[in-house]
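The following exercises concern a pocket and a helix pair. Each task is followed by a solution in steps.

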Amino acid sequence: MAEAAVGTLPLPGTRKKKSLSIEEKIDIINAVESGKKKAEIAAKYGIKKNSLSSIMKNKDKVLEAFESLRFDPKRKRLRTAFYTDLEEALMRWYRIAQCLNVPVNGPMLRLKANDFAQKLGHSDFKCSNGWLDRFKSRYGLVFRSQPVEPTASSVDATTVWSQNVLAYYLTDYHPKDIFNVKETGLLYRMLPTNTFAFKGEACSIGKQSKERITLVVGANMDGSEKLPLLVIGKNKNPHCFNNVKSLPVHYEANRMAWLTLDIFELWMQKLDEKFQAQKRRVVVFLDSLPAHAEIKILKSTQLVFFPSSLSSKFVAMKQGVIKNLKVKYRFCLVKKFLETVESSKDFTFSLLDAVDMLHLCWRTVTPETIVKSYEKAGFKSQHGEIGKTNMETENDLDLVTHALAAGVEFPEGLSLEEYASLDEDLVACQSASDGEVTRTKEGKTNEIDYYASDEEDEDGSPETELPLPSKKEAVTALETLKKFLRSQEISGTLHDSLADLENFIQCLPFK
């Protein structure tokens with residue numbers, strides 16, 4: 001056995017040294033200078049510690065050889081980065097800083113590299129001078145002193161941002177993974193008969209402020225995915241939400257019905273969890289506002305902020321999507337109002353009604369409208385044509401005719417689009433100077449200041465609570481609905497939805 005064991009060993013002087021490529025030697029140098037343990041590096045590349053020490057001792061010669069190969073046209077490809085994801089993030093940050101005319105030097109780049117390493121989970125990384133020098137060499141970065149005064153022929157910031165930053169993300173992400181999110185104020189009970197009472201008046205006090213909410217609207221670039229609406233009201237627990245255990249939107253509240261940083265972070269975290277479950281990597285474009293901020297814990301979502309110096313023309317949601325949603329909403333609101341007038345009933349419309357109507361209208365905003373809005377915002381797909389686009393609008397002429405026939409007057413010269421845009425200037429975000437939402441020393445929101453009183457609903461008067469329908473009544477109502485729909489030509493999808501609804505009701509316990 002001993003002889004057999006000895007026979008398996010190589011004879012003295014016959015072991016061959018492992019031959020490393022120039023790229024592997026560069027990776028070893030990068031790894032050593034980034035703080036990795038030498039023993040782990042040697043084991044990974046199958047070399048002895050003294051061989052690793054020899055590489056580090058002759059580092060300058062290795063780098064010189066690498067540079068000569070890097071510019072050799074016969075050389076097809078070189079592996080150059082040990083931490084590829086870190087370098088991509090650092091280079092992306094550097095390009096954005098350039099477009100914003102933010103001067104960047106070596107120490108700033110080193111701090112940012114260490115920051116990205118921590119976020120990306122590279123706990124063993126340490127940005128040394130050697131690693132930074134090679135990073136600069138790989139990407140051709142040269143730091144020059146900034147001019148004291150800008151030149152008269154400076155390039156337009158909008159053009160620079162569009163051609164560099166925006167173009168970078170359009171290349172890096174597929175249109176289905178590129179999102180824009182924008183908030184807007186909505187006077188959700190405003191009817192045509194009182195539009196002039198609202199126009200031009202501040203919406204911070206009185207009855208008007210109690211009838212406002214904020215919507216946060218978002219969709220992806222190819223129109224295939226609309227994010228669930230975020231609705232922000234003034235009341236955490238309005239009376240109309242009694243016995244309501246689920247909503248078709250994400251609902252939050254604060255005293256001013258504004259988007260705040262806390263609400264934004266919570267909403268983005270929920271979206272990020274969804275994208276993680278789908279194993280997607282997405283980018284979300286946002287305005288540079290105090291209520292929007294970088295969220296470090298996001299794993300599948302990258303936030304990109306439009307520079308505050310740029311015009312709002314890059315905000316895709318403002319190029320037609322929000323307007324289309326509001327036109328549809330106001331169209332439905334007037335129709336509901338006219339139906340109550342024609343039935344000689346009192347018109348009632350709660351926040352819950354508004355939430356349901358918004359969800360319904362948001363579902364009818366078409367992919368064509370979304371795609372067209374992105375195109376108007378300058379988002380040109382780098383992944384081929386997305387498809388033909390046609391912006392659809394509601395027929396406001398028929399609605400006005402219907403209103404006049406019911407004895408309801410539209411203000412003269414007021415179109416449906418104008419009616420839908422009267423609240424577009426409402427403040428929708430908390431600004432840096434607003435102390436409306438305060439934090440305690442523990443970092444928690446002070447709910448006494450944060451929420452409106454639950455004693456009255458948004459219109460200033462408690463709503464009459466109706467008894468919940470029983471399961472038997474729900475089944476009867478569903479049978480009536482099925483009977484009506486069977487007399488119409490409906491799609492198979494709608495039949496499936498009815499079956500799902502019936503199964504859900506049948507599985508509920510009797511009450």
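**Exercise 1.** Determine which helix supplies the largest share of the lining of the largest pocket, and characterise that lining.

*Solution.* The model is a predicted one.

Step 1. Helix H6 gives the largest share of the lining, with seven residues.

Step 2. Consider the elements that each supply at least two lining residues: they are helix H6 (84-99), helix H7 (106-119), helix H9 (157-172) and strand S6 (301-306).

Step 3. The space in this largest pocket amounts to about 970 Å³. Its lining comprises 33 residues, and those closest to the centre of the pocket are Ala-89, Arg-92, Phe-116, Glu-294 and Gln-302.

Step 4. Sorted by character, the lining of the largest pocket holds 20 nonpolar, four polar and nine charged residues.

**Exercise 2.** Establish how the axes of helix H2 and helix H3 are arranged, and identify the residues that make the contact.

*Solution.*

Step 1. Helix H2 spans residues 22-33 and helix H3 spans residues 38-45; their axes come within 10 Å and cross at roughly 160°.

Step 2. Angles over 145 degrees count as roughly antiparallel; therefore H2 is roughly antiparallel to H3.

Step 3. The crossing in which H2 passes H3 is right-handed.

Step 4. On the H2 side, the contact is formed by Glu-24, Asp-27, Ile-28, Ala-31 and Val-32, while H3 contributes Lys-38, Ile-41 and Tyr-45.

Step 5. Classification of the residues in this contact of H2 with H3 gives five nonpolar, no polar and three charged.

Definitions and conventions:
Residues numbered from 1 in each chain as written. Predicted model: local features only at pLDDT ≥ 70, side-chain atom pairs only at ≥ 80, totals over all residues. Heavy atoms only, no water. Axes fitted to C-alpha atoms, helices over the stretch in contact; angles between N-to-C directions. Helix = DSSP H or I, 4+ residues; strand = E, 2+ residues; numbered from the N terminus. Parallel < 35°, antiparallel > 145°, perpendicular 65-115°, else oblique. Left-handed = near helix turned anticlockwise from the far one by under 90°. Contact = heavy atoms within 4.5 Å. Nonpolar A, V, L, I, M, F, W, Y, C, P; charged D, E, K, R; others polar. 1 Å grid on protein atoms, 1.4 Å probe; cavity = no way out; pocket = protein on both sides within 12 Å on 5 of 7 lines; lining within 4 Å. Points joined across faces, edges and corners; volume = space filled by probe spheres on them.
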